[in-house]
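Biologist: Please take one part of this model and go through it closely. I would like the pairing of charged side chains, taken pair by pair.

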Amino acid sequence: MSASGTAVAADGAGGAGTSLSAPSGGGKAVSSVLWAVLVPALLLLGAVLGQWMTWAGVVVGLAVIAVAACVVGGSWHRAGAATLVSFGGFALMLFAGPAAYEAYMNTVGEPVDAVVTQVVDRDQRRGPDMSCTVRELGGKQTTYEVSQQENCFGQARPGDRVEIRKDPLGLLDPRLPDSPDQRNTTEITLAITAALTLLVAGGTLYGGLRRRG
């Protein structure tokens, strides 16, 4: 009886230990959903931050991708999902920042009349790298130097009068208006960003639900 009871107790203890070490179906689903929300949300935060401080956005984005790849590929043993999340995360960083900047400027940016004083291509050897200098026509007549990130693609010439959009908080550089052939670019960029966000979230969720080990 004692040996039998000991065997049953040992087996029961072992069974209890096994059930505690392995996540339950409900716990696995909850943690997978949390990661699927957290990873794209932090990538979007890093992309938005990068429009203000480029280095900070890059650090946040790379850190999130590295952690996600380690969790999905290393802890969950889903190499395919980890690759999808990593590449999707890099693409999301590229599109989310410009999408947020364009949407923000077009929505709350203050329209200001300005004149283009200079347009230069700073390095033609590696392709177009346009820089535009614009000066406000009213107020303090502040001068700004904007890059392609602020929509300087050579659509305006020196002497052209344009309506720029200024950040009411003063954190971001003004944005030049779109040219006639740039219609719906903001909507397209936002659509791509939304698709990549769903791709990263879906890859993370799949890896979590189908985790091994």
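Modeller: What follows covers the salt bridges and the residues that form them. The model is predicted, and local features need pLDDT of at least 70, side-chain atom pairs count only at pLDDT 80 or more, while totals for chains, interfaces and linings use all residues. Residues are numbered from 1 along each chain as its sequence is written, and side-chain values use heavy atoms, with hydrogens and water left out.

The structure holds two salt bridges (a side-chain nitrogen of Lys or Arg within 4 Å of a carboxyl oxygen of Asp or Glu). In one of them, the side chain of K166 meets that of E136, at 3.0 Å from N to O. This pair links distant parts of the chain, its members being 30 residues apart. K166 lies in strand β4, residues 161–166, and E136 in strand β2, residues 130–136 (strands are DSSP runs of E, at least two residues, numbered from the N terminus). E136 counts as buried because its relative accessibility is 7% (buried means under 20% relative accessible area, exposed over 50%, partly exposed in between, with a 1.4 Å probe and protein chains only).

The other salt bridge joins the side chains of D178 and R175, with N to O at 3.0 Å. Its two residues fall into separate accessibility classes: D178 has a relative accessible area of 33% and is therefore partly exposed, whereas R175, at 5% relative accessibility, counts as buried. Taken together, E136 of the β4–β2 pair is buried at 7%, and R175, the partner of D178, is buried at 5%.

Methods. Helices (H or I, at least four residues) and strands (E, at least two) are DSSP runs, numbered from the N terminus.
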